[in-house]
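Please look through the structure shown below with an eye to the cysteines and the links between them. The report that follows is meant to be read beside it.

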Amino acid sequence: MASSPGRRLVALRLVLAAAILVAADAVGLELHHRFSSRVREWAEARAVTGAWWPEKGTAEYYTSLAHHDRALRGRFLAAANYSQLAFAAEGNVTLQINSLGFLYYAFVELGTPKQEFLVALDTGSHLLWVPCDCLQCAPTYDPNAYGVNMTFNIYSPSNSSTSRKLLCSDSMCQTNCTGAGSNCPYGVTYVDNSSTSGVLVEDTLYLVAEDTSARVVEAPIVFGCGRTQTGSFLGGGAPDGLLGLGMGKIAVPSVLASRGLIPDSFSMCFGDDGIGRLDFGDKGSKQQEETPLHRSDLYVIGLTGMAVGNSAMAASFRAFVDSGTSFTYLSEPMYTSLAQTFDSQVREKRRPRNPNLPFDYCYDLSPSQKSVLIPEIYFTTQGGSRFPVSDPLITIYVQGVPSMYCLAVINSTFGFNIIGENFMAGLRVVFDRERLVLGWENSDCYSSTNMSRSSPVSLPSPTSAPVAAPPAEPGGSPPRRSDSTRLSAMRSPFLVVLSLLSMAIL
């Protein structure tokens, strides 16, 4: 079926619904969406029993994701021949565990002998820290709180022959420190008042080269020996540590680059199936689109326009590119301009606002409907490159039947704009900190050859996901968006970042 210019046919992707009625070279990691089938296979292989994979597509599901966005939106933590590097523990594998507050996790190995830690990946912060010589840390085993049957490790410098504590005199110690021979303290507080504190140490992080040699790289890394955690770190949010990917001097990408192990760049790729990669040292390709990064500790881009179908709108604003936010948030007047223009070009009947959903613009679907015709959306970035918004919709099913779809953009009430995770799938996004550019191109996240995607996408058959625990309470750590919960076409994305220090420039 041909579509008119500026419009495309989008196949409805199946989401699982509850039976309720709803009003250079690099180092790499594979990213897994926490609700994907691959993550379920991983969890079952590791006897991670009791994990809750929510039923996708319900109003409660999307409301929980938006709640999670609000909880995380203000987080802040005070050329040679290279091979891309991956963590040695599980290669490129990263995964998402719904019951542990943050989206994406990776296994890292530290110290001698090696200890394995499951750390949250956070592009909006800088420091790697793990629980260590604990005064107040999350329990190492608490399946009721974590929703997973796993035992976490506690690091201790005295148990590692390669560990050394950083002194106040060390160049990496950037806090007010008394006595040149004293240990360098650190303390990081999040906007929700969760915090971690302790001392900085240096030890070996084990990586593996992503080339034919597959050689092990032992990289000395400075990280936080987290002796005292508070807030969400005690109740299921990153109980085994956190890996910051920001531009701070102490961030792992910065340290790897400063030691000559990689170019100062990395990429994140999020596949349509919920599996992706994190590649340290990836400089992107000549074919990628690019836009400048504004000077900041985090990743901020400038946008000069938006287009919906054949309607183009001039605009001038900045946005954080943030892999830790489920949906995209736009402030006024950009939000209303985009949403109302979208609304004027769709054919389905708009539903009354549903207080159980975080979205304002939702539309009825007939029980037999398999696709919708929607206007194409893209942003124009500073420099003129187009950032395609390939997957702006979510679909909600009721009792296995498509009930509605929604424009998955939320009116930002917190004063800044976020390009969220729902605009990332299907893209490899390159954070080139040497050139200060953000690059992106279509990718399937598996092969080295990037792929453009066609639409419509076929509708998979219904399947059931295990539900072994109830969803989090409103004040807890809710799950994030699933990998197959939206209408899909040529999915495009972006990612990364958000910092209180950067808010002033918006």
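What follows is a description of disulfides in this predicted model.

A disulfide is a covalent bond between the sulfur atoms of two cysteines. In this model, where such a pair is recognised by sulfur atoms within 2.5 Å, the count comes to five disulfides. Among them are the three in this table.

| Pair | S to S distance |
|---|---|
| C132 and C225 | 1.9 Å |
| C134 and C137 | 2.0 Å |
| C362 and C406 | 2.1 Å |

The disulfide of C132 and C225 begins in strand β7 (residues 128-136), where C132 lies, and reaches C225 in strand β11 (residues 216-230), so that parts 93 residues apart in sequence are tied together. The torsion about its S-S bond is about -75 degrees, and the disulfide is therefore left-handed. C132 has a relative accessibility of 0% and counts as buried, and C225, with a relative accessible area of 2%, is buried as well.

The link of C134 and C137 is also left-handed, with -95 degrees about the S-S bond. Here the two cysteines fall into separate classes, because buried means under 20% relative accessible area: C137, at 17% relative accessibility, counts as buried, whereas C134, at 33%, counts as partly exposed.

For C362 and C406, the torsion about the S-S bond is about 105 degrees, so this disulfide is right-handed. The pair links distant parts of the chain, with C362 in strand β19 (residues 362-364) and C406 in strand β24 (residues 401-407), 44 residues apart. Both C362 and C406 are buried.

Key: Residues are numbered from 1 along each chain as its sequence is written. This is a predicted model: local features need pLDDT of at least 70, side-chain atom pairs count only at pLDDT 80 or more; totals for chains, interfaces and linings use all residues. Side-chain values use heavy atoms; hydrogens and water are left out. Helices (H or I, at least four residues) and strands (E, at least two) are DSSP runs, numbered from the N terminus. Buried means under 20% relative accessible area, exposed over 50%, partly exposed in between (1.4 Å probe, protein chains only).
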